[in-house]
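Reader: Hello! I am new to this structure and would love a close look at one part of its interior. Could you walk me through it?

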Amino acid sequence: SVSPSAEVCDGIDNDCDGCVDEGLCCDGPPDGMCRATLTASVVTPDRGGCFVDEVVSRNNPGTLVYACRGGEATATFGAYRFQGSYMGGQIDVRLTTMFRFSDGCNWVSTQRIYGDPRAPTMRYTYQEAIAPGQRGCAAACSATATISVRP
């Protein structure tokens, strides 16, 4: 017979409650948060003449921070912070911004970074649309890029 003891990160149910290593982050750093540096490839618009108000670029690496075992995730590029989650081995973080374009219209852009942060790359998408109730605005744009991940 083995008596219950304090849970430690060893793959064994030390406290005999039916759960193994609960509350411990065995596959990450002591604070339970994993980190990586993100660098975007060239952001490619879906068509020529498309204005893309993106905040990721090859010259502006970002920082990804996420709960190693799942939970909240953020990616920061300069003053911009994408927010979302890490679940089932997948990051999904987004940033929504508003801007006034030279056509006199207000626009909303949604930028998204998603994929496996342990892989060498993830995906970036950019989608924009005019804010509701406006007419005579330029055509909407979208864009994509590959994001390099470096632990």
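Author: Happy to help; here is a short tour that starts with the whole chain and then moves to a few residues inside.

Please keep in mind that this is a predicted model. The protein has zero helices and nine strands, so its pattern along the sequence reads β-β-β-β-β-β-β-β-β. Of its 151 residues, 32% count as buried. Among contacts between residues at least 6 apart in sequence, 46% join residues at least 24 apart. The accessible surface comes to about 8,500 Å², and carbon and sulfur atoms account for 52% of it.

Now let us step inside. The largest nonpolar core holds 32 residues, and those that touch the most other members are L38, F82, I113 and Y124. Several strands each supply at least two residues of this core: β1 (33–40), β3 (62–67), β4, β5 (80–87), β6 (90–100), β7 (106–115), β8 (121–130) and β9 (142–150).

A good place to pause is I113. Leaving aside neighbours within four places in sequence, I113 is in contact with L38, A75, F77, F82, I91, D92, V93, M122, R123, Y124 and I147. Three of the residues that touch the most other core members, L38, F82 and Y124, are thus found again among the contacts of I113.

From I113 we can follow the contact to F77, which lies in strand β4 (residues 71–77). F77 has a relative accessible area of 1%, and because that is under 20%, F77 counts as buried. Not counting residues up to four places away in sequence, F77 touches L38, V55, V56, N60, P61, G62, F82 and I113. One of these partners, N60, is 17 residues from F77 along the chain, and their C-alpha atoms are separated by 6.7 Å.

The last stop is Q111, in strand β7. How buried is Q111? Its relative accessible area is 0%, so Q111 is buried. The side chain of Q111 takes part in two polar contacts worth finding on your screen: with the side chain of Y124 at 2.6 Å, and with the backbone nitrogen of V55 at 3.1 Å. Beyond four places in sequence, Q111 is in contact with D53, E54, V55, V56, F82, V93, R94, L95, T97, Y124, T125 and Y126.

To tie the tour together, look at F82: this residue is in contact with I113, with F77 and with Q111. V55 and V56 also link two of our stops, as both touch F77 and both are in contact with Q111.

Technical notes: Residues numbered from 1 in each chain as written. Predicted model: local features only at pLDDT ≥ 70, side-chain atom pairs only at ≥ 80, totals over all residues. Heavy atoms only, no water. Helix = DSSP H or I, 4+ residues; strand = E, 2+ residues; numbered from the N terminus. Buried < 20%, exposed > 50% of the residue type's maximum accessible area, 1.4 Å probe, protein only. Contact = heavy atoms within 4.5 Å. Core = buried A, V, L, I, M, F, W, Y, C linked by side-chain atoms within 4.5 Å. Areas by Shrake-Rupley, 256 points an atom, 1.4 Å probe, with all protein chains shown as cover. Polar contact = N/O pair within 3.5 Å; in protein donor to acceptor, adjacent residues only side chain to side chain.
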